[in-house]
Amino acid sequence: MNQPQTQTQTQQQVDQLIQSRYKAGFYTDIESETVGAGLNEEIIAMISAKKNEPEWMLEWRLEAFHHWQTMVGPDWAKLNLPAIDFQKIHYYAAPKQKDRPKSLDDVDPKLLETFDKLGVPLHERARLAGVAVDAVFDSVSVGTTFQKELKEAGVIFCSFSEAVQEYPDLVREYLGSVVPYRDNYFACLNSAVFSDGSFVYIPKDTKCPMELSTYFRINARDTGQFERTLIIAEPGSEVSYLEGCTAPMRDENQLHAAVVELVAQEKAKIKYSTVQNWYPGDENGKGGIYNFVTKRGDCRGDDSRISWTQVETGSAITWKYPSCVLRGDRSAGEFYSVALTHNHQQADTGTKMIHLGKNTTSKIISKGISAGKSSNSYRGLVRVAKKAEGARNYTQCDSLLIGKTCGAHTFPYIESANPTARIEHEATTSRIGEDQLFYCQSRGLDEEEAVALIVDGFCKEVFKELPMEFAVEAKALLEISLEGAVG
Amino acid sequence: MSALLERLAPAAELPRDGFTELRSQAQKVLMQHGFPHRKTENWKYTPLTLIEQRAFAGSLDVGTPPAPPALPFDCAVVHMHNGEIDPSATRLPRGASLTGLVADDVDVDALVADGPNDAFAWLNLARLGQGWKLVVDEAVKRPIVVVSTVDADFEGAVHPRLHVELAPDSALTLVAVQTGGGAGLHNAVLDIRMSERSTLLHAIDRSGGDTAWIEHATVRVAAGADYRAFISDAGGALTRQDLRVSLDAPNARGAIHGVATLEGRALVDYHTAIEHHVGPSESKERFRILADDRATGVFNGRILIVPGADDSHSEMNTGNLLLSENARINTKPELEIHAEEVTASHGATIGQLDDDARFYLRSRGLSEREATALLKYGFAAAVFDDLEPGPLADWLLERLKSRA
């Protein structure tokens with residue numbers, strides 16, 4: 001074997017390794033249309049005009065913008081957050097196309113290829129996968145599959161822009177009804193500049209015939225992604241919704257500030273699963289996405305149920321607290337989470353369960369894994385209001401430390417104003433047991449495999465809540481993300 | 001400057017003595033940052049409106065203080081009335097002495113490091129009169145009891161300060177008996193420094209009455225030293241206790257066991273922190289709150305393990321009973337872990353008395369009241385399980401029984 005060949009081989013191996021760590025890190029060279037950087041009324045009016053929005057929508061955006069100007073960014077999270085220059089961000093970027101494609105056949109093949117590479121079934125493979133997908137590329141939705149089949153069932157699943165055009169009354173009724181624009185700094189920013197997202201409406205007594213999924217992709221440089229998802233489940237309906245996200249590897253940080261609103265009417269069930277794999281930055285903490293998301297579900301009707309499942313492996317900084325407002329009697333909220341941080345990643349994530357109705361129940365299972373120089377915090381609130389007779393909560397949050405330079409923190413707020421409520425909270429923090437490692441290794445696993453196996457077991461309770469394909473992806477993601485964490 | 005600041009820390013000329021510089025520094029911090037409010041994370045559950053409503057205008061009685069309450073065990077008593085100690089009335093056992101505080105005793109750097117949020121600790125320094133230092137040189141057998149009382153019509157604001165220093169290998173049982181009175185402010189600072197291998201058993205029995213009772217306590221634990229606190233608090237109009245235990249050297253141990261039994265409109269807010277700065281070190285915390293009537297109980301327990309403090313072990317457990325539909329419990333057990341070779345855990349529950357247990361006791365002939373009292377007592381007394389049997393334990397349990 002001669003010397004240069006070895007070098008090439010080594011280089012290839014290195015490249016492969018880098019690729020395997022963050023497979024979604026490629027960039028699609030596609031002609032795109034971007035509005036100038038900066039945030040002001042003109043930019044907001046421009047976004048609104050591009051989407052051909054009705055007057056009330058622009059007014060709502062501007063109200064939000066004016067309110068946002070009076071707000072200051074949150075500083076309570078355990079995050080080392082560099083100041084963000086909001087005037088440097090481009091608030092709108094879209095792949096160039098003449099008209100909105102009528103069907104997937106009209107979509108730029110380059111875009112389809114991108115989603116294909118990411119394993120998102122948009123085209124022919126979609127039929128096999130049997131999952132309806134709305135694909136969001138930078139600021140716009142590029143295509144939604146299975147629309148016809150869903151329509152037959154009465155289900156509306158389309159991009160947010162389309163919903164504003166086609167179903168303005170529904171959007172107007174529900175937009176901001178769960179997360180008002182005044183809610184918090186980033187939700188307010190999103191309300192002013194959001195560009196697209198998904199809209200789901202499940203009519204009464206309908207079980208959505210297939211799983212719905214949105215895939216978010218940030219592609220363009222110096223842009224932020226501000227999407228909004230609204231899911232309305234009418235009485236007796238049921239839906240399972242999946243969300244995935246990736247971005248190219250870049251040295252600079254990019255902002256993602258989304259809002260998700262769920263409304264569950266009487267006896268409705270919504271299951272919302274996320275595998276978050278935004279680019280986390282490199283091993284020195286350079287680059288990566290700032291993921292500041294407000295997700296909230298409102299169990300408005302009696303006996304309704306909202307379940308959040310999230311696997312968070314990406315993003316340089318995560319600030320996210322999917323919550324449930326348990327308004328209806330006997331309504332139930334669930335939160336299952338795995339948050340993994342490695343290298344210089346920071347996560348401050350958790351949930352809020354607000355018990356307002358009688359005999360409401362909530363369950364929180366949170367698993368945090370910290371490796372490298374990362375910081376991983378669970379922050380949760382369980383609040384039982386005075387009238388929430390018989391409310392019940394169970395919380396378990398466990399943290400696993402891998403390495404000496406990471407941090408794992410737990411900040412649970414528990415507030416009870418009703419004497420019939422029962423609240424239990426448990427938390428543990430520890431490292432991977434040496435005896436566990438030793439046992440696995442004695443059975444022939446190497447250290448990395450052993451750690452992956454133990455971590456997989458640690459997260460089992462959450463993974464089992466995920467739809468099958470997602471569970472497989474989540475497990476693989478975790479293993480990749482942990483590469484290099486031991487030894 | 002807010003009206004409260006004007007009332008509590010008027011920019012009047014400060015007395016000229018060794019503390020002048022410290023006072024003026026503290027005054028500056030206060031002027032700049034003011035008092036906490038609802039949005040201040042560490043004070044979000046403590047309604048300071050109560051303090052804002054008070055005038056603190058009453059003049060303090062300089063007459064002979066009333067006799068301190070009698071205690072059913074052999075002890076030496078230091079009586080602090082309306083924030084003042086009369087050293088001539090104090091007899092301490094051999095190995096312990098009480099002296100006046102000097103400016104060098106105040107670790108202002110630590111206060112600066114904590115930032116401006118500890119507004120009441122800064123206020124204490126800004127209005128500091130005569131501070132005291134209790135020095136313990138050897139193992140003192142007889143418990144020393146610091147009795148703090150105020151007049152029934154006390155409406156002023158006092159800012160007592162007590163430092164406790166334990167020499168290497170010394171030991172002390174320090175009991176704080178604190179009884180509030182009128183609608184004033186008792187804003188105390190307690191600074192405990194424990195040298196190598198010293199041990200301190202620190203018992204607190206408190207009922208704040210109408211007095212806003214705020215205490216800011218810091219305990220620094222050196223190598224091999226052992227700090228244990230046992231607290232029984234009946235709360236008051238506003239009771240706020242900050243207790244920070246800093247395990248500064250290898251083999252330091254810290255434990256906090258506390259119970260608050262609240263009735264009427266009582267409010268307690270306990271903010272405890274156990275900091276593991278070096279390993280190996282060990283800590284334990286158990287806290288119970290029983291809230292009845294319109295009472296509010298707040299517990300914020302923080303465990304910090306800093307980077308490199310490997311082999312630190314910590315467990316925290318907080319249990320709460322909500323006994324009335326108008327009572328409130330807010331609890332936040334925090335873990336902040338920066339080291340790998342550690343174990344840390346916490347558990348928290350909020351609930352009510354078990355109907356089955358109550359039914360069982362009723363079936364054995366106890367009245368509803370007796371059954372409830374017994375169950376409450378059983379729940380509360382569990383925090384004193386680690387206290388050695390003896391007159392002190394008997395007294396604490398007896399006090400608890402009368403409150404449950």
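Strand E6 (residues 198-202) and strand E8 (residues 228-233) of chain A pair in the parallel sense, over 4 bridges. This is a predicted model, and the predictor gives the complex an ipTM of 0.85 and a pTM of 0.87. The points below cover two buried strands of chain A, the contact between chains A and B, and one residue of chain B.

**Strand E8 of chain A**

- The bridges between E6(A) and E8(A) include one in which Val200(A) has Ile231(A) of E8(A) as its partner.
- E8(A) also runs parallel to strand E11 (residues 259-264) of chain A, and 6 bridges join the two.
- In that second pairing, Leu230(A) has Glu261(A) of E11(A) as its bridge partner.
- E8(A) is mostly covered, with 6 of its 6 residues buried.
- In a regular strand, side chains alternate between the two faces of the sheet.
- On one side of E8(A), the buried residues are Arg228(A), Leu230(A) and Ile232(A).
- On the other side of E8(A), Thr229(A), Ile231(A) and Ala233(A) are buried, and both faces of the strand are therefore covered.

**Strand E12 of chain A**

- Strand E12 (residues 269-276) of chain A is largely enclosed by the rest of the structure, because 8 of its 8 residues are buried.
- Both faces of E12(A) are covered: one side holds Lys269(A), Lys271(A), Ser273(A) and Val275(A), all buried.
- The other side of E12(A) holds Ile270(A), Tyr272(A), Thr274(A) and Gln276(A), which are buried as well.
- Strand E9 (residues 238-246) of chain A pairs with E12(A) in the parallel sense over 8 bridges.
- Within the pairing of E9(A) and E12(A), the bridge partner of Leu242(A) is Ser273(A) of E12(A).
- E12(A) is also joined by 8 bridges to strand E14 (residues 305-312) of chain A, and these two strands run parallel.
- Tyr272(A) has Trp308(A) of E14(A) as its bridge partner.

**Contact between chains A and B**

- In this complex, 31 residues of chain B are in contact with 30 residues of chain A.
- Strand E19 (328-337) and strand E20 (343-351) of chain B each supply at least two residues of the side of chain B that touches chain A.
- E19(B) gives the most to that side of chain B, with 10 residues.
- By class, the side of chain B that touches chain A has 12 nonpolar, 11 polar and 8 charged residues.
- A strand pairing also links the chains: strand E23 (residues 407-416) of chain A and E19(B) pair in the antiparallel sense over 6 bridges.
- For Thr410(A), the bridge partner in E19(B) is Leu335(B).

**Chain B: confidence and Glu315**

- The mean pLDDT of chain B is 91, and 97% of its residues reach 70 or more.
- Where pLDDT is low, the predicted coordinates should not be read in detail.
- Glu315(B) lies in strand E18 (residues 312-322) of chain B.
- Glu315(B) counts as partly exposed because it has 16 C-beta neighbours inside 10 Å; a residue is buried at 20 or more and exposed at 12 or fewer.
- Leaving aside neighbours within four places in sequence, Glu315(B) is in contact with Lys284(B) and Ser345(B).
- Glu315(B) and Gly184(B) are 131 residues apart along the chain, and their C-alpha atoms are separated by 37 Å.

Terms used. Residues are numbered from 1 along each chain as its sequence is written. Chains are lettered from A and ligands numbered from 1 in the order in which they are written. This is a predicted model: local features need pLDDT of at least 70, side-chain atom pairs count only at pLDDT 80 or more; totals for chains, interfaces and linings use all residues. Two strands pair if DSSP finds at least two bridges between them. pLDDT is the predictor's confidence in each residue, from 0 to 100. Two residues are in contact if their C-beta atoms, placed from the backbone, lie within 7 Å. Ala, Val, Leu, Ile, Met, Phe, Trp, Tyr, Cys and Pro count as nonpolar, Asp, Glu, Lys and Arg as charged, and the others, Gly among them, as polar.
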